Amino acid sequence: MTQNQNRSQTAGLSDVFQNDSEKDLYLESYMYTTAAALVGSIDKIVTVTLREGRVFIGILRTFDQFANLVLQDTVERIYIGDDKYAEAPQGVFLIRGENVSLVGEIDLDQQDKDLEKRSQIPFPEAQRIRKELVAAKQAKTTKERELMLSKGFEPQS
Amino acid sequence: MLPLFLLATAKGEPIQVELKNNVTINGYLVDCDSWMNLTLENVLEVDATGEHFKKFPQFYVHGVEIKGVRMDENIIDRARQKEQRARNWNNNNNSNNNQRRNYNNRYSANSSGGNRGNQRQR
């Protein structure tokens, strides 16, 4: 009975979704939810974005219920605009789960295709540029905020 | 092999801890617990700008403040070996239950091999 139900459900899914990749994204096709959903990504190259916006790329070796992650052969990568990137090797890196905002498997071909378009620059230089960009963005936000307040609007957040 | 087991394997080795306020701490890991609280020795603290350094003989890091920990390259292999050894040890002990029972019975009253001091006095 349950099996039949399952089968009809799966059949239903194939009607709903146009292709397999779309079906993969459907949550019910995962055995586990929350941090345990990472089992499928183990020993694969993943990208990890921290809450502060830094990006780490490496082989996911282990994780736990807090989404503490252990990456091997890690690199920290900074993308600048559409034409530059920088990399710094980090070795074995344990990331505390609190700081993680995003984990995703990487399609190596797509990555290479993207990196071909970009030129690599030294990491400290990229850090400097990123710092400037963040500062500029912050200054702009403060300015907008002040302007809105002067007009009697309460800016959001 | 969980992340915290890996950290426990790194005891006695140099690690680099990055804190949430971007302070970096280089030192030898003495101990860690399940909250990722760490004690370190021979610590060099680098501040967020990367320009100022401080040395400490002993150092305690509250786990909540940690962003990430950098460790030695081959730590993963060694943690796997350690885990395997622990597993083997468990298996051996379970399969040798008979031997253990013999060992426990050796000094019981009705075993012939018992030569406890008080028996001799009687």
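Student: Two strands count as paired if DSSP finds at least two bridges between them; with that in hand, how many residues lie between β2(B) and β3(B) in their hairpin?

Tutor: The hairpin of β2(B) and β3(B) has 5 residues between the strands, and B:M36 in the turn has a positive phi of about 70°. Strands here are DSSP runs of E with at least two residues, helices are runs of H or I with at least four residues, and both are numbered from the N terminus. This is a predicted model, in which local features need pLDDT of at least 70 and side-chain atom pairs count only at pLDDT 80 or more, while totals for chains, interfaces and linings use all residues. Residues are numbered from 1 along each chain as its sequence is written, chains are lettered from A and ligands numbered from 1 in the order in which they are written, and side-chain values use heavy atoms, with hydrogens and water left out.

Student: OK, and which way do β2(B) and β3(B) run?

Tutor: They run antiparallel and are joined by 7 bridges, with β3 of chain B spanning residues 38-46; within this pairing, B:L29 stands opposite B:L40.

Student: What does β2(B) do with β1(B)?

Tutor: Strand β1 (residues 14-19) and strand β2 (residues 24-32) of chain B also pair in the antiparallel sense, over 5 bridges. B:E18 has B:T24 as its bridge partner, and B:V17 has B:I25. That hairpin has 4 residues between the strands, and B:N22 takes a positive phi near 70°.

Student: Where else does β1(B) pair?

Tutor: β1(B) is joined to β5(B) by 4 bridges, again antiparallel, and there B:E18 stands opposite B:G68.

Student: Does a record say anything here? What does UniProt call residues 2-75 of chain B?

Tutor: An unreviewed UniProt entry annotates residues 2-75 of chain B as "domain: Sm"; such positions are given in the numbering used here, feature names are shortened, and annotations may be inferred rather than shown by experiment. Over those residues the model is 11% helix and 53% strand, and the end C-alpha atoms are 13 Å apart.

Student: Switching to the interface: how many residues of each chain are in contact?

Tutor: 24 residues of chain B are in contact (heavy atoms within 4.5 Å) with 21 residues of chain A. The two chains bury about 1,900 Å² between them, 54% of it on carbon and sulfur atoms; buried area is the accessible area, taken with a 1.4 Å probe, that two parts lose on being put together, summed over both.

Student: How many salt bridges cross it?

Tutor: The rule, a side-chain nitrogen of Lys or Arg within 4 Å of a carboxyl oxygen of Asp or Glu, finds 3 across the interface of chain B and chain A, while the structure holds 16 over all chains. One of them joins B:E18 and A:R54 at 2.6 Å, N to O, crossing from strand β1 of chain B to the loop between β1 (45-50) and β2 (55-63) of chain A. B:K67 and A:E52 also meet in a salt bridge, at 2.8 Å, N to O.

Student: Which elements of chain B give two or more residues to that side?

Tutor: They are α1 (3-9), β5 (66-71) and α2 (75-95) of chain B, with β5(B) giving the most, 6 residues.

Student: And which strand of chain A is joined to β5(B)?

Tutor: Strand β4 (residues 84-95) of chain A is joined to β5(B) by 4 bridges, running antiparallel, and A:I95 stands opposite B:G68.

Methods: Pairing = 2+ DSSP bridges.
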